[in-house]
Every structure is written in C-alpha cells, then in structure tokens.
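This report walks through one protein chain, beginning with a pair of strands and moving on to what surrounds them. Please keep the sequence and the structure in view while reading.

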Amino acid sequence: MAAVRPGRRFLDPSALSRLANIKLIARTVVEGFISGLHQSPYHGFSVEFSEYREYVPGDDLKHFDWRVLARCDKHYIKQYQEETNLRATILIDCSRSMAYSSNGISKFNYACYLAASLAYLMIRQQDSVGLVAFDEAAGRFIAPRSMPSHLSVILGELEKIRAG
C-alpha cells in the first residue's frame, strides 16, 4: 500500500474528481474587494445587469439607456451587480463526542473530510478560507487566505488535530 502524502489523507484523487464541477455560491450578499462568484452589496458597471436608476447630470453617458429614452421619453442609467469574493472560516469540533464512530468512520474524521473538501472548493474558486479547531475553548486558528499553497496549511492542520 502506498504511503499517503502528508496532509492529503482527507483529499484522495477520486474525491477530487467528483468535486471537479462543483461551485460554492454564497446564499447571502458578500462584501469583498476581489471579483468572484458571489453577489456584492455594491452596484457598479460590471457584467451582470441589476437594475435601472434615474439619470443624474454628470453620469457617464456610456451607461445611458437610449432605448428607454426612445420608448418612454425617460432618462435612465443601467446598473450592474458586481461580483466579489467570499471569506470563510471552517469550524471543527474537537470535543470527545466527535470520537464516536459508526460504519468504520468517526464523526471527527467525517468532519475533517468535509472541511478538506470545502477548503479545496473555496481555494479553487479563489475564495479565502481559514480553519478553527475547538473543544471547550477556541484552539488553533488559521486565518483565511486564498492562495493555493494555503490548502496545504489547512490539510496539515487537519492531520495534526485529534478529537477529545
């Protein structure tokens, strides 16, 4: 049996191939500064059309809707919804109750597999992801980052932590 690379126990190639076409999209509006997959509370002149607003003298005529003017004789500017990045922190419960196992896998290992998969998906779509392992008190904290090398840091920490 081949040795598993450090930090890769929770992400095997067959699992990664099943995750290849999955995208995580936030249900709520996300504030950020990098363009990404998630809706932003900011309106601007981006790609996704959002709404019209009344023209105010001084607005750029590039976004003026001439068709609305021709049909309704009203002055409107097109606004677009900006997309932004997500900043997430995954919480792992390391309490003794997580050592319970059923069908050969413990709740803790299941949580680690899920955390590794979520971290992989988020970093792949350039979102920031961090990790907190806790029991009665907050334990190890890894700040959210979006660099591909950050996945190794998270996977390495998942290898180190233990339930109970």
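In this predicted model, strands β4 (residues 87-93) and β7 (residues 128-134) run parallel and are joined by seven bridges, where strands count as paired if DSSP finds at least two bridges between them. Helices (H or I, at least four residues) and strands (E, at least two) are DSSP runs, numbered from the N terminus. Within this pairing, A88 stands opposite V129 in β7.

Residues are numbered from 1 along each chain as its sequence is written. Because the model is predicted, local features need pLDDT of at least 70 and side-chain atom pairs count only at pLDDT 80 or more, while totals for chains, interfaces and linings use all residues, and side-chain values use heavy atoms, with hydrogens and water left out.

In a regular strand the side chains alternate between the two faces of the sheet. Along β4, A88, I90 and I92 point to one face and are buried, whereas R87, T89, L91 and D93 point to the other and are not; buried means under 20% relative accessible area, exposed over 50%, and partly exposed in between (1.4 Å probe, protein chains only). Beyond its neighbours within four places in sequence, I90 is in contact (heavy atoms within 4.5 Å) with A115, L118, A119, M122, V129, G130, L131 and V132.

In the largest nonpolar core, which has 26 residues, I90, I92 and L158 touch the most other members; such a core is a set of buried Ala, Val, Leu, Ile, Met, Phe, Trp, Tyr and Cys residues joined through side-chain atoms within 4.5 Å. Two or more residues each come from β4, α3, β7 and α4, and the largest share, nine residues, comes from α3.

In helix α4 (residues 150-160), the buried residues are H150, L151, I154, L155, E157 and L158. They lie on the same side of α4 because they cover an arc of only 160 degrees around the axis, taken from the directions from the helix axis to the C-beta atoms. Their cover includes β4, α3 (107-124), β7 and β8 (138-145).

A search of the whole structure finds zero disulfides, a disulfide being a pair of cysteine sulfur atoms within 2.5 Å. The table gives two cysteines.

| Cysteine | Closest cysteine sulfur | Relative accessibility |
|---|---|---|
| C94 | C112, 7.1 Å | 7%, buried |
| C112 | C94, 7.1 Å | 0%, buried |

Finally, pLDDT, the predictor's confidence in each residue from 0 to 100, averages 77 over the chain, and 70% of the residues score at least 70.
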